[in-house]
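Okay, thanks for coming, everyone. I'll talk through one structure today, going from backbone oddities to the packing and then to the ligand. Have a look at it first.

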Amino acid sequence: MITVDEALAAVLGRVRTLGTEATPLVKSVSRILRAPVVADRDLPPFNRAAMDGFAVRSVDVSVEGTRLKVAGEIRAGVWPDRALGSGEAMRIMTGAPVPEGADAVVQVERTTMTGVGEVLIGAVGSAGQNIVPRGSEAPRGSELLRPGLRLGPAHLAVLASVGVIEPVVSRRPRVAVIVTGDEVVDPGSRPGAAQIRNANGPALAAAIREAGGVSTDAGVVPDQSAKTRAAIERALSEGHDAIVLSGGVSAGDFDFVEKALGEIGVTLHVTAVRVKPGAPFVFATHGDTLIFGLPGNPVSAQVTFELFARPALLKMQGAVAFLRPKVAATLDSPLTNRSGRRNYLPVVATASEGSLRAAPVRTQGSGDTLAHAMANALAVLEPDQTSLAAGDRVLLYPLSSILEV
Ligand code: AMP
Ligand code: MG
């Protein structure tokens, strides 16, 4: 058995980067940017008033209580029709271009109109005050966003600001989901006494989507070698970038995934990992197609997807941040790990006064779908961390993105 890190390296080393496509701006959210975004103009494009007030020359208002002649008004969206002269002020609105000759904007609240075409400036002005200089956020031609970034709403604001209405992003990975198990029935049907509903299909489809992929549902395949093989062959022939199988990878009499993969002639790179949950994880490749054989236990399936398939799907799209950052927390109550493997245990992490605490979730193990759903992080216990006490520090693997860059 190899370690989690060795298995992850085996997976990541075989990831090929997908092609790109241009996508409408609003639809590009959460996609991976693949071309640099460059400023097509200075940001801001002109010396911008940051306040409603009066544009002035700072030398004219070096003492409080100066009276200046009001020489006009500049609204946002309108270029000033003339420069500001000595002894003059111009009414200016937030977002309007500061006129030539002015080097400060005095906030309107610090001024009083006198009624004779003059304004009383009740403040001392200093050069640059309340003005955002042209190009100070970013000069024209500079790189604003790097390829590999996962686009969020704030990035879309940047794209829009420089007129990129069709950003170049990675195409989405196409991923087939094949669920195996004689006992597994569709979630919409009534299970027989010994049957269970397919929990993995929907969870994996959702996880694929969250990782930027598009999943196709190959349905539930019975525990038969030929049928398992046919389902994998069909997924391969349909040109998927990855295939995710659930179940059938352990040592039971009816576990056929590894056998079927062997018959098809794919290359097996990983057949077991020193991890709990999820030891019988299988990873294979067929050409550029990545094949993940996940254990059927729902928690094992979700954790191994998270540890191995998610990074691979993100890396495939050219993402720079394809691994979640681990964070340290203080344990609320004891945890044990007698598995001899790296153990991922469900916890609820909460932030209080700037530090993280982790409360273990009571779990019946790798079939406990509910315990996993209650957790927002997994405590990572190494093989030698056989028992941790309340108050001990523990490393957490967060199950959602925090501080990803
Ligand atoms: P397997 O890896 O096929 O040996 O399955 C391990 C355990 O996970 C068994 O208890 C299965 O009944 C259960 N299981 C397998 N597939 C699913 C599934 N799609 N949804 C829920 N449980 C499953
Ligand atoms: Mg099974």
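Let me start with Glu353, which sits in the loop between β24 and β25 (355-360). Keep in mind that this is a predicted model. Glu353 isn't a glycine, yet its phi is positive, about 45°. Is Glu353 buried or exposed? Exposed, because its relative accessible area is 85%.

There's another residue of this kind, Ser30. That one is in the loop between β1 (20-22) and β2, and again we have a non-glycine with a positive phi, about 70° here. Ser30 counts as partly exposed, because its relative accessible area comes out at 33%.

While we're on backbone geometry, let's do the cis peptides. The bond from Leu43 to Pro44 is cis, with omega near -10°, and Pro44 belongs to the loop between β2 (37-38) and β3 (48-49). Lys276 and Pro277 are also joined by a cis peptide bond, with omega at about -5°. Pro277 is in the loop between β19 and β20. Hang on to Pro277, please, as we'll meet that residue again.

Right, on to the packing. The largest nonpolar core is made up of 43 residues, and Phe292, Phe308 and Tyr344 have the most contacts inside it. Which elements supply at least two residues each? They are α1 (4-12), β13, α3 (200-210), β17 (242-246), β21 (289-294), α6 (298-316) and β26 (377-381). The top contributor is α6, which puts in eleven residues. Then there's another core, apart from that one, with 18 residues, including Ile232, Val257, Leu261 and Ala284.

Let's zoom in on Tyr344. Leaving out anything up to four places away in sequence, Tyr344 touches Val4, Val275, Val303, Leu307, Leu378, Ala379, Val380 and Tyr397, among others. Its partners also include Lys276 and Pro277, which are the two residues of that second cis bond.

Val4 takes us to α1. The buried residues in this helix are Val4, Ala7, Leu8, Ala10, Val11 and Leu12. Here's the textbook bit: an α-helix has 3.6 residues a turn, so residues three or four places apart point the same way. And what do the buried residues of α1 pack against? The list is β18 (267-270), β19 (275-276), β20 (282-286), β21, α6 and β24 (342-352).

Now for α6, where I picked out Thr304. Thr304 counts as buried because its relative accessibility is 0%, and the cut-off for buried is under 20%. So where does a buried side chain like that put its polar group? The side chain of Thr304 reaches the backbone oxygen of Ser300 at 2.6 Å. Beyond four places in sequence, Thr304 touches Pro277, so there's our cis proline again, plus Gly278, Phe281, Leu294, Pro295 and Ala309.

Just past that helix we get Gln317, in the loop between α6 and β22 (327-331). Despite being in a loop, Gln317 counts as buried, because its relative accessibility is 1%. Its contacts, not counting neighbours within four places, are Leu18, Ile32, Arg34, Ser170, Arg171, Pro173, Ala211 and Gly212.

A quick detour to Val106, in strand β7 (residues 104-107). Val106 is buried, with a relative accessible area of 2%. Apart from residues up to four places away, it touches Asp52, Gly53, Phe54, Val56, Thr111, Ile121 and Ala123. Ser58 is 48 residues from Val106 along the chain, and their C-alpha atoms are 9.4 Å apart.

Last stop, ligand 1. There are 18 residues around it, and Glu183, Asn198, Ala199, Gly248 and Gly296 come nearest. By type, the shell has six nonpolar, nine polar and three charged residues. Both β13 (174-180) and β15 (196-197) supply at least two residues of this shell.

For those of you who think in polar contacts, look at the backbone. A polar backbone atom of Gly296 is 2.8 Å from an oxygen atom of ligand 1. Next door, a backbone N or O atom of Asn297 lies 3.1 Å from a ligand oxygen. Over at Asn200, a backbone N or O atom is 3.5 Å from a nitrogen atom of ligand 1. How much of the ligand does the protein cover? The figure is 78% of the 490 Å² of accessible area that ligand 1 has on its own.

That's my tour, thanks!

Methods: Residues are numbered from 1 along each chain as its sequence is written. Chains are lettered from A and ligands numbered from 1 in the order in which they are written. This is a predicted model: local features need pLDDT of at least 70, side-chain atom pairs count only at pLDDT 80 or more; totals for chains, interfaces and linings use all residues. Side-chain values use heavy atoms; hydrogens and water are left out. A residue is near a molecule or strand if one of its heavy atoms lies within 4 Å of it. A polar contact is a pair of N or O atoms within 3.5 Å; within protein, one must be able to donate a hydrogen and the other to accept it, and residues adjacent in sequence count only if both atoms are side-chain atoms. Accessible areas come from the Shrake-Rupley method with a 1.4 Å probe; for residues, only the protein chains shown count as cover. Helices (H or I, at least four residues) and strands (E, at least two) are DSSP runs, numbered from the N terminus. Ala, Val, Leu, Ile, Met, Phe, Trp, Tyr, Cys and Pro count as nonpolar, Asp, Glu, Lys and Arg as charged, and the others, Gly among them, as polar. A nonpolar core is a set of buried Ala, Val, Leu, Ile, Met, Phe, Trp, Tyr and Cys residues joined through side-chain atoms within 4.5 Å. Buried means under 20% relative accessible area, exposed over 50%, partly exposed in between (1.4 Å probe, protein chains only). Contact means heavy atoms within 4.5 Å.
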